Amino acid sequence: MVTLTRAALSESVERTPVWFMRQAGRSLPEYKKAREGIAMLDACLMPELTAEITLQPVRRHGVDAAIFFSDIVVPLKIAGMDVEIQPGIGPVFAQPVRTREDLARIPDLTADMCEAIAQAVTLTREGLPEDTALIGFAGAPFTVASYLIEGGPSKNHEKTKAMMLGDPELFSAILGKLAHMSATFIQAQLDAGAHAFQLFDSWAGYLNRADYERYVLPHSRTVFDALAHNNVPSIHFGVTTGELLGSMSTAGSSVMGVDFRVDLDDASKRVQPGQALQGNLDPALVFAPWDVIASRIEDIVRAGLRHGGHIFNLGHGVLPTSDPTVLTRIVEEVHTVSSRLIASGEFE
């Protein structure tokens, strides 16, 4: 069992594993070169290119996990929906889903549609070092639904919330369909060799707890329940979800991702007993002086060791202008500090 999966299951490790959300992407010059002239969604469906992009940060940074290079709308794309990622904007759907007639247009995703995804996972596994995990990826039903309903990115998610409260039956039907799609997409990655998976609910933090628990949590739980038979670690993550951590932690994941706004010691009190934590260095601190970064790394590592199971990560994704050499240095520092602290016996 690789180091990351042991930490994700709150088992003993020799050092704290580390990886970064959005580690494969815009901060790396080799990524920009590989993607030159190729649209984002096209890149996600080219197995050799997808594998190469997924492996790039492993080679450069020495991280303990690769995160499968994809996007939350890829399952909809391969199922036949008309969606594109517009530069500087994000995913945009030609026809938003806002009525029951629109709901009927959402196709089912089947395993055979995920052949390019499975090939990319297989190629990635072949290129990974022995002790490096591959984390599968999908968007959570609510976050994907918000793009579908709004038609693209939204600052306030007003159409999504209006449907959620005004027509909860339709809203639930949409999320139910997307939950099945996310589970199918992740299952294809696990069948091809992914060691673990992360479900991103990026926009859940725009909800209050009562609405989250009533309208969203059951569908996220459906995804984790559908994948539980794989017996692999699972990670659940959202942005600005500090007030929802306790609720999100009941969805069924073995790890709760914590964004940079919540202290890990506080997060430790909110999640389920035995549930590991992931996080949570502020991505903006990558630009700070090294002594500041090093001090914060030790604080986070210590908090993670106090909790028990911990995977070091940023509290959200790598910022595009981050210096890759600093990210590499962060990985080395996490490994050095955690190895020293674990060896000291202080946290036994």
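Helices here are DSSP runs of H or I with at least four residues, and strands are E runs of at least two.

**Figure 1. The whole chain, as a predicted model.** By that count, the protein chain has 15 helices and 9 strands. Its radius of gyration comes out at 19 Å, close to the 20 Å that the globule rule gives for 348 residues, so the chain is as compact as a globular protein of that length. If you're setting up a box, the C-alpha atoms fill roughly 60 × 45 × 40 Å along the principal axes. Of the 348 residues, 57% count as buried. Take the contacts between residues at least 6 apart in sequence, and 73% of them join residues at least 24 apart.

**Figure 2. An open, parallel sheet of 7 strands.** Reading across, the order is S1-S4-S5-S6-S7-S8-S9. Strand S1 (65-67) and strand S9 (310-311) sit at the edges, and each has a single partner strand, so one side of each is left without a neighbour in the sheet. Zoom in on the S1 end and you'll find S1 running parallel to S4, with 3 bridges joining the two. One pair to pick out is Ala 66, whose bridge partner in S4 is Leu 134.

**Figure 3. The hairpin of S2 and S3.** Strand S2 (residues 83-86) and strand S3 (residues 90-93) run antiparallel, joined by 4 bridges. Val 83 has Phe 93 of S3 as its bridge partner. There are 3 residues between the strands, and in this hairpin Gly 88 takes a positive phi near 80°.

**Figure 4. Helix H7, with its buried residues on one face.** Start with a sanity check on the geometry: H7 covers the 13 residues 115-127, and at 1.5 Å a residue it should span 18 Å. The C-alpha atoms at its ends are 19 Å apart, which agrees. Buried in this helix are Ile 117, Ala 120, Val 121 and Thr 124. Looking down the axis of H7, the buried residues fall within an arc of 100°, so they line one face of the helix. The spacing fits the general pattern: an α-helix has 3.6 residues a turn, so residues three or four places apart point the same way. What do the buried residues of H7 pack against? Their neighbours are helix H4 (47-61), helix H5 (74-79), strand S4 (133-139) and helix H10 (168-191). Over on the other side of H7, Glu 115 and Glu 126 are exposed.

**Figure 5. Two of the salt bridges, Glu 52 with Arg 59 and Asp 167 with Arg 100.** Side chains of opposite charge can pair when their charged atoms come close. The structure holds 11 salt bridges. In the first of these views, the side chains of Glu 52 and Arg 59 meet at 2.9 Å, N to O. Glu 52 is partly exposed, with a relative accessible area of 28%, while Arg 59 counts as exposed at 53%. The other view has Asp 167 and Arg 100 meeting at 2.7 Å, N to O. That pair links distant parts of the chain, 67 residues apart: Asp 167 is in the loop between helix H9 (158-166) and H10, and Arg 100 is in helix H6 (residues 100-103). Both ends are partly exposed, Asp 167 with a relative accessible area of 22% and Arg 100 at 42%.

**Figure 6. A salt-bridge network around Glu 346 and Arg 302.** The side chains of Glu 346 and Arg 302 meet in a salt bridge, at 2.9 Å from N to O. Here too the pair links distant parts of the chain, 44 residues apart, with Glu 346 in the segment after helix H15 (324-344) and Arg 302 in helix H14 (residues 290-307). Glu 346 is partly exposed at 46% relative accessible area, and Arg 302 is partly exposed at 22%. Follow the shared partners and you get one network that joins Glu 298, Arg 302, Arg 340 and Glu 346.

**Figure 7. The surroundings of Gln 275.** Gln 275 has its place in the loop between helix H13 (264-270) and strand S8 (276-278). Is this loop residue buried or exposed? Gln 275 counts as buried, at 4% relative accessibility; the cut-off for that is under 20%. Leaving aside neighbours within four places in sequence, Gln 275 is in contact with Ser 10, Ser 249, Ser 253, Ser 254, Val 255, Met 256 and His 307.

Notes
Residues numbered from 1 in each chain as written. Predicted model: local features only at pLDDT ≥ 70, side-chain atom pairs only at ≥ 80, totals over all residues. Heavy atoms only, no water. Expected span 1.5 Å × (residues − 1). Buried < 20%, exposed > 50% of the residue type's maximum accessible area, 1.4 Å probe, protein only. Arc of directions from axis to C-beta. Contact = heavy atoms within 4.5 Å. Pairing = 2+ DSSP bridges. Salt bridge = Lys/Arg side-chain N within 4 Å of Asp/Glu carboxyl O. Rg over C-alpha atoms; globule rule 2.2 N^0.38 Å.
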